[in-house]
Amino acid sequence: MTANLWADGAVMLGKLNMDEFAMGSSNETSYYGPVKSPWRKAGSNMALVPGGSSGGSASAVAARICAGATATDTGGSIRQPAAFTGTVGIKPTYGRCSRWGIVAFASSLDQAGPIARDVRDAAILLKSMASVDVKDSTSVDVPVPDYEAAVGRSVKGLRIGIPKEYRLEGLNAEIDGLWQQGIDWLKDAGAEIVEISLPHTKYALPAYYIVAPAEASSNLARYDGVRYGLRVPGSDIVDMYENSRAAGFGAEVKRRILIGTYVLSAGYYDAYYLRAQKVRTLIKRDFETCFEAGVDAILTPATPSAAFGIGEKAGADPVEMYLNDVFTVTVNMAGLPGIAVPAGLSGEGLPLGLQLIGRPFDEATLFALGGAIEKAAGRFAAEKWW
Amino acid sequence: MLIDTRTPDPKKFINGATGDWEIVIGMEVHAQVTSKSKLFSGASAEYGGAPNAHVSLVDAAMPGMLPVINEECVKQAVRTGLGLKAAINHRSVFDRKNYFYPDLPQGYQISQFKQPIVGEGTVILDMPGETVEVGVERLHLEQDAGKSIHDQHPTMSFVDLNRSGVALMEIVSKPDLRSSDEAKAYLSKLRTILRYLGTCDGNMEEGSMRADINVSVRKPGGEFGTRCEIKNVNSIRFAGQAIEYEARRQIGILEDGGAIAQETRLFDPREGVTRSMRSKEEAHDYRYFPDPDLLPLEFDQAFVDALAAGLPELPDDKKARFIADYGVTPYDAMVLTLEQASADFFEKVAKGRDAKTSANWVINEFFGRLNKEGKEISASPMSAEQLGEIIDLIADNTISGKIAKDLFEIVWLEGGNPRELVESRGMRQVTDTGAIEAAVDEVIAANPDKAEQAKAKPTLSGWFVGQVMKKTGGKANPQAVNEIIKARLGIE
Amino acid sequence: MSVDTATVRRVARLARIKVSDEEAERMTGELNSILGFVEQLDEVDVSGVEPMTSVVAIKMRLREDVVTDGNVPEKVVGNAPVCDDDFFMVPKVVE
């Protein structure tokens with residue numbers, strides 16, 4: 001995927017920070033320390049998280065340090081930080097971009113995508129990044145349309161689904177308001193709004209926290225100090241493995257490896273992993289049913305809140321951090337494309353985004369709709385304090 | 001659930017202190033697939049090589065690397081399934097078998113757990129006095145591991161990943177074997193089938209075929225006993241020895257009132273014993289799950305049919321044809337078809353010639369000589385044409401059978417055209433009755449007392465045959481000599 | 001379902017990650033919180049539902065059997081913490 005970019009003339013400026021092994025929603029788990037968002041609350045200089053795991057990419061783009069950045073998304077790691085930083089981030093359909101060369105986290109969920117300043121830039125970048133790759137057996141051979149041409153295309157007549165299950169109990173009023181605002185914008189642009197039901201929505205996050213850690217526990221087994229990376233000596237090979245992996249992995253990664261190992265282990269596989277994969281089939285089926293009924297795209301909030309402070313969620317139990325992904329994981333579980341577009345600012349002056357979910361390989365429609373929202377919402381830039 | 005299909009056969013029982021015992025054996029054979037590149041990577045699958053030379057970044061499990069399946073390995077597995085008369089599964093799934101070991105770079109082996117590429121099949125064994133049908137449970141594709149070398153350094157092991165990722169077919173038999181002889185015959189037959197198909201070279205010394213042998217004992221017809229697994233047996237001979245030792249070891253324990261601990265053991269060929277592999281903590285929990293980097297393997301019946309159409313004649317069919325068309329004995333047919341090259345050699349020799357004579361010469365003289373010199377047929381100094389010509393020379397009475405053996409020796413050691421050699425070295429047998437009669441008369445005349453004794457005791461005429469043969473430099477046709485002597489002496 | 005510290009230790013051993021007593025205690029709580037969260041999946045009626053085996057509905061591509069890779073031992077062992085003569089070296093495996 002990066003080879004495509006260099007071949008098309010992109011220039012690499014450097015590498016960016018992220019949550020360790022892409023596991024996190026705030027970029028606070030990095031070995032190199034947390035990323036500070038370029039955004040601050042009005043009248044405050046509290047350091048805020050940019051979201052995660054692609055917090056470095058989102059921040060660099062938001063701070064205009066670079067024109068665009070690559071990122072990966074397994075449960076929302078492109079879309080959530082894009083929403084927190086007022087940038088555009090798209091996770092393409094599973095199989096659209098090659099996963100070869102991407103440090104694997106959860107193989108059936110990982111996808112690479114761009115984070116950019118606006119919808120058009122994101123479209124340009126994705127057109128370059130996307131291609132089939134014989135080195136990735138899960139990459140799909142489907143022609144890459146001219147995404148840039150889709151930006152600015154009329155959205156008249158497109159049917160936009162509004163899933164009732166995303167209207168969470170206690171949903172932040174500002175976010176709910178912005179969602180309604182988005183609905184109105186699209187209506188004004190000529191789209192047709194339809195209430196839809198995705199009945200298994202609430203089970204996506206728990207199912208994700210079984211499937212993703214399970215795959216990760218296996219994908220991360222290769223980090224054992226034998227062929228590369230940190231090796232901490234031990235009395236024998238087992239001791240060496242245990243020391244190296246204990247020292248080399250951060251707490252969040254260890255948590256997920258242990259959960260993943262547990263849910264695959266003898267006696268628990270059926271109850272956890274197998275069941276979660278069945279629920280996943282149901283989640284995907286929910287979307288397919290809606291698309292078959294004529295829905296072209298689905299509009300939802302991107303995140304349940306605006307960005308929070310670095311360290312704010314430190315003491316909380318891990319699940320609270322996971323809830324950041326409640327609107328985004330459904331998309332990875334179903335293998336669909338999803339884009340986050342800045343839609344407004346919170347009362348405290350922080351970006352809020354909306355998410356559009358599309359049919360498989362119909363990123364073009366997402367760029368068209370994203371463009372429509374962007375046109376109505378305007379652009380948002382962080383005030384430079386750095 | 002183990003299903004017992006064999007009837008207990010007292011001939012195979014082991015006699016213990018408390019009575020008879022029956023051995024129950026099942027085998028998992030790992031056969032390296034003959035292919036140019038590995039199962040999921042484009043690195044070479046060739047045996048040997050400098051350390052870590054046949055290793056790609058995928059095999060080394062570098063971050064971000066992904067598996068891509070080799071079409072030929074899939075075909076080889078299907079061909080093998082067809083050779084085992086087994087069910088071919090059009091849809092199969094690759095699973096990860098997770099465990100930590102330095103020669104397993106990914107920390108998991110890509111294998112097939114619940115949905116293998118090939119299902120149930122059969123291997124037929126021709127044992128003395130009976131035909132044994134051994135059930136095959138399944139065949140699946142999986143990655144081979146690398147090699148760890150433990151004895152080159154006091155505290156460190158050396159790891160070479162050349163073999164890591166090479167395609168293996170794991171062929172699992174049902175527990176249908178009941179003696180070490182049957183087990184050896186099964187391995188031998190499996191090896192023959194794989195070599196015929198060209199799907200594995202069956203070279204056990206190089207490790208391209210290895211067996212994990214499950215052995216248990218029980219009272220004849222009784223409940224299956226607890227089994228022990230003898231891992232990585234790399235010769236047919238060792239397989240037999242290991243089974244014999246292990247069965248007796250288990251019987252000894254049971255007769256002493258003990259119980260068999262289910263464990264993994266290794267065969268030590270120098271001592272001829274099996275040893276427990278000191279337990280690797282608790283039993284492995286492999287946490288199998290479908291590999292998310294791969295999709296289910298799917299192909300249609302047309303794919304299978306195309307492969308079936310390209311299969312060579314299989315050993316059992318060839319053997320049956322040899323018996324029917326050439327009239328050779330079942331045993332000889334088995335020997336001739338053990339290797340495809342042998343069978344082809346025989347057919348070349350037998351073409352247009354007497355089949356039984358051809359079989360006799362091929363098996364006794366030709367194979368005998370090859371075995372004596374430890375040569376493969378491909379290294380034979382004698383061609384089928386040359387051997388055929390020797391047989392022709394006997395058939396048209398140019399030489400006797402005895403002279404033919406001398407001729408065989410000359411052609412083997414020096415090469416050359418048999419017919420020309422016979423001429424140039426004057427090996428032509430004497431069939432001219434007149435000449436033989438003259439020689440016979442001379443010998444009889446020179447030995448009147450022996451002649452009288454022979455008239456009384458006809459078996460003594462053999463001495464005269466010997467003398468006449470000597471007189472004619474061995475070239476006289478022995479039959480003719482015999483007849484003429486008998487006629488001259490007036491005996492029957 | 002919940003886990004106790006002994007189970008956490010056993011799982012850590014399976015995953016080859018050393019955990020101190022204090023860590024094991026803490027992780028037991030954290031893991032139980034996650035397991036508690038995922039328990040709601042039991043509510044779903046999954047009878048007759050196939051587990052998702054592939055996110056993409058395509059047939060797996062088969063690669064031609066040609067040697068295209070390898071012969072780069074210097075790359076393969078280049079990042080190894082300990083190696084000798086193109087072999088990886090590891091502390092002995094206790095058999």
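1. Let's start with a charged pair: R255(A) and E30(C) form a salt bridge, with their closest N and O atoms 2.7 Å apart. Here a salt bridge is a side-chain nitrogen of Lys or Arg within 4 Å of a carboxyl oxygen of Asp or Glu. The count between chain A and chain C is six salt bridges. Please keep in mind that this is a predicted model, in which local features need pLDDT of at least 70 and side-chain atom pairs count only at pLDDT 80 or more, while totals for chains, interfaces and linings use all residues. Residues are numbered from 1 along each chain as its sequence is written, chains are lettered from A in the order in which they are written, and side-chain values use heavy atoms, leaving out hydrogens and water.

2. Now the wider interface: 68 residues of chain A are in contact (heavy atoms within 4.5 Å) with 49 residues of chain C. About 5,100 Å² is buried between the two chains, 71% of it from carbon and sulfur atoms; this is the accessible area (1.4 Å probe) that two parts lose on being put together, summed over both. E242(A), L258(A) and R275(A) lose the most area on the chain A side, together 13% of what that side buries.

3. Finally, a look at chain B. K12(B) lies in the segment before β1 (14-15); strands are DSSP runs (E, at least two residues), numbered from the N terminus. K12(B) is buried (under 20% relative accessible area, 1.4 Å probe, protein chains only), at 15%. Leaving aside neighbours within four places in sequence, K12(B) is in contact with R6(B), E130(B), R178(B), S179(B) and E182(B).

Note on methods. Helix = DSSP H or I, 4+ residues; strand = E, 2+ residues; numbered from the N terminus. Buried < 20%, exposed > 50% of the residue type's maximum accessible area, 1.4 Å probe, protein only.
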